[in-house]
Structures are given as C-alpha cells and as structure tokens.
Amino acid sequence: MIPIEKYRDDPCGTLSIPYWKAKNLSVPPNMRIVHERDFDAALLEKYADRRFFRLIHRLENIPEYNAADFEFGRISADMLGELSDMINRSYEHMSVGISVEQLKAMTASEVYRPELWIGAFADGKIIGSIICEFDKDTDEAAIDWLQVLPEYRNCGIASALVCRALNKIRGAADFATVSGECDNPTDPECVYRKCGFTGDDVWHILKARE
C-alpha cells in the first residue's frame, strides 16, 4: 500500500479508488487495474476492458445550482428502502444496483457522514440522491453514488446535488474525488466537470476473457 502522503499528493493518479477502499481491496487473479499511462493495447487480446475516469475537486469556487422546482434534504435511516428502489431504477440500463442491507452497512462504516446523504424530492418522493463518504485519515471526501430517475434528468438535479454535497464537506475535507465509467451513456463526467471537478486520469479495469 502506498503511503498516505503520496496518495494525498496525487489521489487520482496513484489509486483507482479512494485510499480507505484500497486498503481492503484484494484484486482477483483474473483481473488487473491499470492506469492509462501504463496501458498497452496488447492487453485487449487477453482481457475485456472497462475504462473509468477519476476526477478531483479542491473545494474552491463551488458553483451554485439550485433546481428550484425540487426540494433537497438529508436522507434519513427510514428512507433506505425507498432510496434503494430509486437507485436501482436509475441504473436499470447498466444492471447496477444496491440493496437495503448494503445501504445499512454503509451507514455503519467509519466513513459515513449523514449530512452527505442528500436527496432530491418531488411530491415527497425521492427522485435523485447523492451519497458521499469522508475519510478523516486522508481528509478526502468521495462521491460514491449519484443518480436521478430517468424521467427527471436534464433538470439540473444532479448538479445541484453535487454542489450541495461539496458545500457540506468544505472545511472538513481537503479535497473530493469521484470516479465513473467513461462509456456510460448518461455521461456523468460532464456533470462533475460542470461542478468544478478536474483531471485527466483514466483507469482500465481489465478482466480476463473466458
């Protein structure tokens, strides 16, 4: 494991995931994780490739996005069932999801910060959310989940959620990071850059072909 100081100097270029996750990560023998600078196209002969961007925000010059037609507030423990359903509906196109049990486990983690679980609401129902975590050892905040139901997209909700979370953590964290799949048709990278995230680090998640 790399030293914390080295990670803090270049979070997105040294690890593909936040430091606290990497400490407990065991890469399966059929997988490789390679930064773009070390990637060789010859690897594609043996591995299937998924590319992920990783961006950083220094928590300065956070823009304002309001999405005035919607309400925003903290997601409480009694909303986890509704939150799970909303997240799973948002990612149906990618077969990605999360269970209530997994969400409960996240709230028991040492990086859990309740004020960084923020929902967007319409008629009292969750229609979008952001989940961020904070690691006091590295002073890093990381966006773990960001999603908006398909029928509410392109209304500025995602940008409003991101900027609300950044403002909540500013003063406690030194920086925030986020990662996402480069080829996601919803283009999440565009939202993060709009909110002030920067960087050009790309990581290849390689899985051996069967």
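Trainee: In this predicted model, how many residues does the largest nonpolar core have, and which ones have the most contacts inside it?

Mentor: The model is indeed a predicted one. Its largest nonpolar core has 49 residues, and those with the most contacts inside it are L83, I130, I143, L146, V162, Y192 and F197.

Trainee: Which element gives the largest share of this core?

Mentor: That is helix α6, with nine residues in the core. The helix covers residues 157–169.

Trainee: Could we take Y192 from that list; what is Y192 in contact with?

Mentor: Leaving aside neighbours within four places in sequence, Y192 is in contact with F53, L55, I143, L146, V162, V178 and F197.

Trainee: And what lies apart from the largest core?

Mentor: Another core lies apart from it, made of seven residues. Among them are Y7, C12, A22 and F175.

Trainee: Let us turn to the sheet. What is the order of its strands?

Mentor: It is an open sheet of eight strands, and the order is β1-β8-β2-β7-β6-β5-β4-β3. The pairing is mixed.

Trainee: Which are the edge strands?

Mentor: They are β1, residues 31–35, and β3, residues 71–74; each of these pairs on one side only.

Trainee: How are neighbouring strands turned against each other?

Mentor: On average they are turned by 25°, with direction ignored.

Trainee: Which helix packs on the sheet and touches β4, β5 and β6?

Mentor: Helix α4, residues 80–90, does so. Its direction makes about 100° with that of β5.

Trainee: Back to α6, then. Which strands does α6 lie across?

Mentor: Helix α6 lies across β2, β3, β4, β5, β6 and β7, and it runs at about 150° to β4. Together with β6 and β7, α6 also makes a right-handed β-α-β unit.

Trainee: Is β7 mostly covered or mostly open?

Mentor: Strand β7, residues 175–181, is mostly covered, since six of its seven residues are buried.

Trainee: In which sense does β7 pair with β2, and in which with β6?

Mentor: With β2, residues 47–57, the pairing is antiparallel over six bridges. With β6, residues 140–148, the pairing is parallel over four bridges.

Trainee: Which residues in β7 are the bridge partners of I56 and E140?

Mentor: The partner of I56 is T177, and the partner of E140 is F175. In addition, A141 stands opposite A176 in β7.

Trainee: A new topic: H204. Where is H204 placed, and is H204 buried or exposed?

Mentor: H204 is in strand β8, which covers residues 198–208. It counts as buried because its relative accessible area is 2%, and buried means under 20%.

Trainee: Which side chains does the side chain of H204 join by polar contacts?

Mentor: One is that of E36, with a polar contact of 2.6 Å. Another is that of D49, with a polar contact of 2.8 Å.

Trainee: What else is H204 in contact with?

Mentor: Apart from neighbours within four places in sequence, the contacts of H204 include R32, I33, V34, H35, F39, R50 and R51. E36 and D49 are in that list as well.

Trainee: Now the loops. Which residue in the loop between β2 and β3 has a positive phi?

Mentor: That is L59, whose place is in this loop. Its phi is near 65°, a positive value in a residue other than glycine. L59 counts as buried, because its relative accessibility is 6%.

Trainee: What about D139 in the loop between β5 and β6?

Mentor: D139 is not a glycine either, although its phi is positive at about 55°. With a relative accessible area of 24%, D139 is partly exposed.

Trainee: One last residue. Where is K46 found, and is K46 buried or exposed?

Mentor: K46 is found in the loop between β1 and β2. It is exposed, because its relative accessible area is 62% and exposed means over 50%.

Trainee: How many residues apart in sequence are K46 and K207, and how many Å apart in space?

Mentor: They are 161 residues apart in sequence and 8.3 Å apart in space, C-alpha to C-alpha. K46 touches K207, and A208 and R209 too, not counting residues up to four places away in sequence.

How values were computed: Residues numbered from 1 in each chain as written. Predicted model: local features only at pLDDT ≥ 70, side-chain atom pairs only at ≥ 80, totals over all residues. Heavy atoms only, no water. Helix = DSSP H or I, 4+ residues; strand = E, 2+ residues; numbered from the N terminus. Buried < 20%, exposed > 50% of the residue type's maximum accessible area, 1.4 Å probe, protein only. Polar contact = N/O pair within 3.5 Å; in protein donor to acceptor, adjacent residues only side chain to side chain. Contact = heavy atoms within 4.5 Å. Pairing = 2+ DSSP bridges. Right-handed = clockwise from strand over helix to strand, strands pointing away. Axes fitted to C-alpha atoms, helices over the stretch in contact; angles between N-to-C directions. Core = buried A, V, L, I, M, F, W, Y, C linked by side-chain atoms within 4.5 Å.
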